[in-house]
Amino acid sequence: MTSFATVARSIALLCACGVSACTTSPRPDVVSPKASSASRPALKKPSDARASRLAALVAKLGAQPRYEGSHLYLGGKPSTIHPIYVRIVALAEPQEMLRLLSHGSEVVRYYAARWVITKQPRYLPKLYSMLADPTELEAIHGCVRQRKALGLILLDSVNAWRTSASNGAAYGKLVERAAKDPEMPLVVRETAQRRLKGQLLP
């Protein structure tokens, strides 16, 4: 009996030692996967990166001195400014482009308005208040270079599409409304009236 009791105590002692070994603290030099991932810097979401690129391009466009079409003058020299706008259009969502209509830069505002005119005419009513914008803008459309109020340049752009686009009636509504609106600046109202009569100048 004594021998059996001794053996039993020995087995119990070995089991206790085994449990102790299994429950010891992990080695301090081993970092758990959870701790390792928590220490890594958060990666930028793709949407954040896109927004950053878009903001940088808009800022770059806003720093330009004028509006330029894709090609300039009779020789058709490629514009160095227009490609910035093209990259913005490729990145931006429609609502982001519409927000640019109220941007602080007249160059950005006019490029955004041209996006509406040439690509998204369903938003044409959003351009109406811009016809009264008196901010001076330099613009080059093909071989025509001019410097005058943004609203007047925009009015002529809308009118050009009124007379040439298959859906010209949609553009015509803006010109007709401006021609009759007593709240519209006189110079804009009279210019709209002349355009409706087919007078392109002044």
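Which residue in β4 does Leu137 stand opposite? In this predicted model, the residue opposite Leu137 is Lys148. The two strands involved are β3, residues 136–142, and β4, residues 144–149. They run antiparallel, and six bridges join them. One residue separates β3 from β4, and together the strands form a hairpin. In a regular strand, side chains alternate between the two faces of the sheet.

The interior comes next. The largest nonpolar core holds 48 residues. Five of these touch the most other members: Leu61, Ile88, Leu127, Leu131 and Leu154. Many elements feed this core. At least two residues each come from α3 (46–62), α4 (82–91), α5 (94–99), α6 (106–119), β3, α7 (150–164), α8 (168–180) and α9 (186–196). The greatest contribution is that of α6, which supplies nine residues. Ile88 gives a closer view of the packing. With residues up to four places away in sequence left out, Ile88 touches Leu54, Leu57, Val58 and Leu61. Met97 and Leu100 complete its list of contacts.

Empty space was then examined. Rolling a probe the size of a water molecule over the atoms shows where such space is left. Across the whole structure, the search finds one cavity of 30 Å³ or more. The space in the largest cavity is about 30 Å³. Its lining consists of Leu61, Tyr85, Ile88, Met97, Leu100, Val108, Tyr111 and Ala112. Two elements, α4 and α6, give two or more residues to this lining. The largest share is three residues, and it comes from α6. What is the character of the residues in the lining of the largest cavity: nonpolar, polar or charged? Eight are nonpolar, and there are no polar and no charged residues among them. Leu61 and Ile88 appear in this lining. Both also belong to the group that touches the most other members of the core.

The largest pocket has a volume of about 350 Å³. It is lined by 15 residues. Closest to its centre are Gln146, Asp156, Ser157, Ala160 and Leu200. The elements that supply two or more lining residues are β4 and α7. Of these, α7 gives the most to the pocket lining, with seven residues. The lining of the pocket is mixed in character: six residues are nonpolar, five polar and four charged. The cavity lining, in contrast, has no polar and no charged residues.

Two loop residues complete the account. His103 sits in the loop between α5 and α6. Is His103 buried, partly exposed or exposed? Its relative accessibility is 26%, so His103 counts as partly exposed. Beyond its neighbours up to four places away in sequence, His103 touches Val58, Val108 and Arg109. Val58 lies 45 residues from His103 in sequence. In space, the two are 9.4 Å apart, C-alpha to C-alpha. Val58 is also one of the residues that Ile88 touches.

Asp133 lies in another loop, the one between α6 and β3. Its relative accessible area is 13%, and buried means under 20%, so Asp133 is buried. Apart from neighbours within four places in sequence, Asp133 is in contact with Arg109, Ala149, Leu150 and Gly151. Arg109 is thus a contact of Asp133, and Arg109 is touched by His103 as well.

Conventions. Residues numbered from 1 in each chain as written. Predicted model: local features only at pLDDT ≥ 70, side-chain atom pairs only at ≥ 80, totals over all residues. Heavy atoms only, no water. Pairing = 2+ DSSP bridges. Helix = DSSP H or I, 4+ residues; strand = E, 2+ residues; numbered from the N terminus. Core = buried A, V, L, I, M, F, W, Y, C linked by side-chain atoms within 4.5 Å. Buried < 20%, exposed > 50% of the residue type's maximum accessible area, 1.4 Å probe, protein only. Contact = heavy atoms within 4.5 Å. 1 Å grid on protein atoms, 1.4 Å probe; cavity = no way out; pocket = protein on both sides within 12 Å on 5 of 7 lines; lining within 4 Å. Points joined across faces, edges and corners; volume = space filled by probe spheres on them. Nonpolar A, V, L, I, M, F, W, Y, C, P; charged D, E, K, R; others polar.
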